Number of protein chains: 2
Amino acid sequence: MPLDQVSKRLAPQFQHVEGSLIKKIAARATSRSISLAGGLPHESTFVFRGVTWEMDDGSTLTLKNRALTGGTEAEDGAAELPLNYMQGSGMPELCGELRAHMQRYHTPAYDDWAVIPTTGSTDALTKCFQLLMPPPGKKPIILSESLVWAAALAIAAPLGYEVRGLELDSDGMLPSALDVACRQLASEGERAAFLYLTPHGQNPTGTSLSPQRKRDLYALAQEHDLIIVEDDPYRLLFLPADPEETGEAAMPGVMGLPKSLLSVDTDGRVIHLESLSKWVCPGLRLGWLTAPKAFVEGAYRKWNELTIQFPCTVSQSVFCAMLRAWGQEGLDRHLRRLQVHYAKQRRVMHLAARRHLQGLAIWDLPKAGMFILFKVPALKGKGKAETDSVLEELLAEDVLMVPGYAFDPSPEKAAEPAFRATYATASPEKIEEGIARFGKAVARLTEGMKEERAEEKTVPVMD
Amino acid sequence: MPLDQVSKRLAPQFQHVEGSLIKKIAARATSRSISLAGGLPHESTFVFRGVTWEMDDGSTLTLKNRALTGGTEAEDGAAELPLNYMQGSGMPELCGELRAHMQRYHTPAYDDWAVIPTTGSTDALTKCFQLLMPPPGKKPIILSESLVWAAALAIAAPLGYEVRGLELDSDGMLPSALDVACRQLASEGERAAFLYLTPHGQNPTGTSLSPQRKRDLYALAQEHDLIIVEDDPYRLLFLPADPEETGEAAMPGVMGLPKSLLSVDTDGRVIHLESLSKWVCPGLRLGWLTAPKAFVEGAYRKWNELTIQFPCTVSQSVFCAMLRAWGQEGLDRHLRRLQVHYAKQRRVMHLAARRHLQGLAIWDLPKAGMFILFKVPALKGKGKAETDSVLEELLAEDVLMVPGYAFDPSPEKAAEPAFRATYATASPEKIEEGIARFGKAVARLTEGMKEERAEEKTVPVMD
């Protein structure tokens, strides 16, 4: 009996997604076959002979369309550039690399898991949300953090999901909050379709789950039979605990990274999403999903084939060639360089905040990722309009930040007022200046509120 | 008032898809801005300096990540390789090229239309099916051809659509059949969510709509207020009427192609889908959608941003560079070469069928595309099992073809028994041999049925 809690929770309409008869017939092809079945265009008509990538370290990766160039990798050292249709399960060579990567760096705690390339985690997430929709008559409910990646909320809305946010501390989601929420749902005769969380460098709060917290949340997921969708784009941007550490040697590289929830998943109840966007580039539109094999090779692959078919083969093949060319050493070198960039940027923002936001905002140093959430106590208990007035003032001064309510799943937008700032891209000078202007805007607001209070006091009582 | 019938028919949950607040804030960036808003990774961390494509004609196209290489296109002739996040509306330079292409070769009959790059027509189609879902309480019904591209049926199923197939002749869907179906629906208190059709080289029947047929169907769409989803991947594979014509000069090239339904759309009720898969390659996962501007820039773009975000930027940028490098002359040259390939292959299969299938199968010479549908009169009135026995016999003889019922939208699978064969890829020798074996399998079936009838006759009447 394969370990697969996920497939038990498939939406009714996805429990019997038909595999393509044409693909089934095509799969019966042998070397002797005369295939007049699949509508595959002839590779000799494709316009590309091949592609050569120039890498940041000066090396090159060449991939060839063998239908036009002939030859083999052994002869000319160039890998295959697949350009035709392929199965929804993706390029086999890439899947092999990804499986080895997951085995080495995440070591799932059960055997029957599988990987599948995605066209980025946004699409993969939407597919998971669709595939895990509860049957009619049951409320579609997602449990998540108190502030949630805005795109996940935007995906949930048209699909009809209600998202309930759970309290966090600096170690991430509180197990007690999860337990209470599950019991509350049970008392309503409902249960969550799944728990959606970002374990490392959560967007927007910057929090990361401690190893103990991961174990505790997983134990609760078992107790309440919860599926977990683990969206993990920032794990590779894990940073040293000390904000002053910005040297390569202090970085976690690839071996010093924390393990995901997958590493404690003994039941097959975690769907893990990884993206290339934050550590290779967003443009490739590539990521991968790891989950119980029956789910990956069944409903997910089939829904893939009816939508994107498969991720861009140019992206798949160059990423596969990169992983092979890098090996563990090259991957470690690349990640350290990347982590140094983010550690330096984080330090700049953290120091700027210490200079300009004392008494005006509170924040946690993020352990991973690219965001700091600045909470503004002066706005506490005030409405969205007060937050917007700070936002407008910032925009008028050419500083772009995102108000916390953009990430608030509650209809009342009642979460603590805050602003999310990213240290990913701006220059140190701009970060310094942006945070300084943010401090001034908050200070003016605080002054304004003091004056208002003073005015209120001096208003004569009329009757 | 913009011409946009499509947006009036949006599913309730997509009528108010929120644009991303973060993207709205990001859009307010100016050259003076200090952006701490969007979670864009820094381009200097991307691993690619650039990419060089070797084209089939020996030319090269180089694109560069300017964050790493510096310089400009004017200095080194290389176009930009965008690798970061972009808006769901796609790469502006590519959109400009696509708009010019559509204006030149399709000339939509109204002004307020727009294009958007898709990650292939399968994904675009699924999105259209989702966006045009009727409100609860109304049956989701699609009108389409009597045999329909199998993937479209497979997409329709989990979304809950019923697909009603309408009769075709050699000029495509019969207007009378469409009229009757619409009236029938009206009498049931229902109406079709949309009409889904493939105007050129329909898969699997190979039929193409004549110009008059397009006008007639469009007039009926107006009369019954139907939205039309026009899936048009095979138009560029339009071929000469005479199967013996296989020379470049006889090919339509780019200027001799028929126009799509878009060219008669005066109301903004057509969504037109184009794919690169059949004339560039499937691997790029790229196509584009043309439809009323408000729909394209509103619901479609927003749903794009919540799923795929945008198609692979490597695909978008190389396709843009190709279109610019080709111009009309290069596009024409490429299409003629492609059309010659398909015309030669079509001729081989047509002649093989004339040799081996006389009296056993009937077929129309396809005007476009890559498929011939062989109808088998001997199977008429027999069940799916009889078709499967021919299929199994073919598979046992290493010939892969697809039974017609794979494309039949009716639950009874009552369409005329047939097999679809593609002439796209197999060598002339294999096509000849495959069709010969198909003929033998059908002949054996016919013999078997004669014997059965003979046996039936000799069975003594028992009572």
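Reader: Let's start with helix 5 of chain A, residues 121–131. How many of its residues are buried?
Author: In this predicted model, 11 of the 11 residues are buried, so helix 5 of chain A is largely enclosed by the rest of the structure.

Reader: Which residues are those?
Author: Among the buried residues of helix 5 of chain A are Ser121(A), Thr122(A), Asp123(A), Lys127(A), Cys128(A) and Phe129(A). Asp123(A) and Lys127(A) carry charges in the usual count, and both are on the buried list.

Reader: Nice. What about strand 5 of chain A, how many of its residues are buried?
Author: Strand 5 covers residues 113–118 of chain A, and 6 of its 6 residues are buried.

Reader: And which residues sit on each side?
Author: Trp113(A), Val115(A) and Pro117(A) are on one side, with Ala114(A), Ile116(A) and Thr118(A) on the other. Both faces are covered. That split fits a general pattern, because side chains in a regular strand alternate between the two faces of the sheet.

Reader: Which strand does strand 5 of chain A pair with in the antiparallel sense over 6 bridges?
Author: That is strand 13 of chain A, residues 287–292. Within that pairing, Ile116(A) has Leu289(A) as its bridge partner.

Reader: Switching to chain B: how many residues of strand 6 are buried there?
Author: Strand 6 of chain B spans residues 141–145, and 5 of the 5 are buried, so it is largely enclosed by the rest of the structure.

Reader: Is its pairing with strand 7 of chain B parallel or antiparallel?
Author: Parallel, over 5 bridges, with strand 7 running from residue 162 to 166 of chain B. Leu143(B) has Arg164(B) as its bridge partner there.

Reader: Staying in chain B, where does Arg99(B) lie?
Author: Arg99(B) is in helix 4 of chain B, residues 92–105.

Reader: Buried, partly exposed or exposed, and why?
Author: Partly exposed, because Arg99(B) has 34% relative accessibility, and that class runs between the 20% limit for buried and the 50% limit for exposed.

Reader: What is Arg99(B) in contact with, leaving aside neighbours within four places in sequence?
Author: Asp111(B), Trp113(B), Ala114(B) and Val115(B). As for Ile116(B), its C-alpha is 9.1 Å from that of Arg99(B), and the two residues are 17 apart in sequence.

Reader: Is there a sheet with strands from both chains, and what is the order? I mean the open one with 6 strands.
Author: The order is 4(A)-3(A)-2(A)-2(B)-3(B)-4(B), so to speak a list with both chains in it, and the pairing is mixed. Strand 4 of chain A and strand 4 of chain B, each residues 79–80, stand at the edges with a single partner strand apiece, so one side of each is left without a neighbour in the sheet.

Reader: How many bridges join strands 2 and 3 of chain A?
Author: There are 5, in the antiparallel sense, between residues 48–55 and residues 60–64 of chain A. Trp53(A) stands opposite Leu61(A) in that pair.

Reader: Zooming out, how many helices and strands does chain A have?
Author: Chain A has 12 helices and 17 strands. Its radius of gyration is 25 Å, close to the 23 Å from the globule rule for 463 residues, so chain A is as compact as a globular protein of that length.

Reader: What share of chain A is buried?
Author: 60% of its 463 residues count as buried. The accessible surface of chain A is about 17200 Å², with 52% belonging to carbon and sulfur atoms.

Reader: And the charges, how many positive and negative side chains?
Author: Chain A has 51 positive and 59 negative side chains, and the centres of the two sets lie 4 Å apart.

Key. Residues are numbered from 1 along each chain as its sequence is written. Chains are lettered from A and ligands numbered from 1 in the order in which they are written. This is a predicted model: local features need pLDDT of at least 70, side-chain atom pairs count only at pLDDT 80 or more; totals for chains, interfaces and linings use all residues. Side-chain values use heavy atoms; hydrogens and water are left out. Helices (H or I, at least four residues) and strands (E, at least two) are DSSP runs, numbered from the N terminus. The radius of gyration is taken over C-alpha atoms; the globule rule is 2.2 Å times the number of residues to the power 0.38. Buried means under 20% relative accessible area, exposed over 50%, partly exposed in between (1.4 Å probe, protein chains only). Accessible areas come from the Shrake-Rupley method with a 1.4 Å probe; for residues, only the protein chains shown count as cover. The place of a charge is taken as NZ of Lys, CZ of Arg, CG of Asp or CD of Glu. Two strands pair if DSSP finds at least two bridges between them. Contact means heavy atoms within 4.5 Å.
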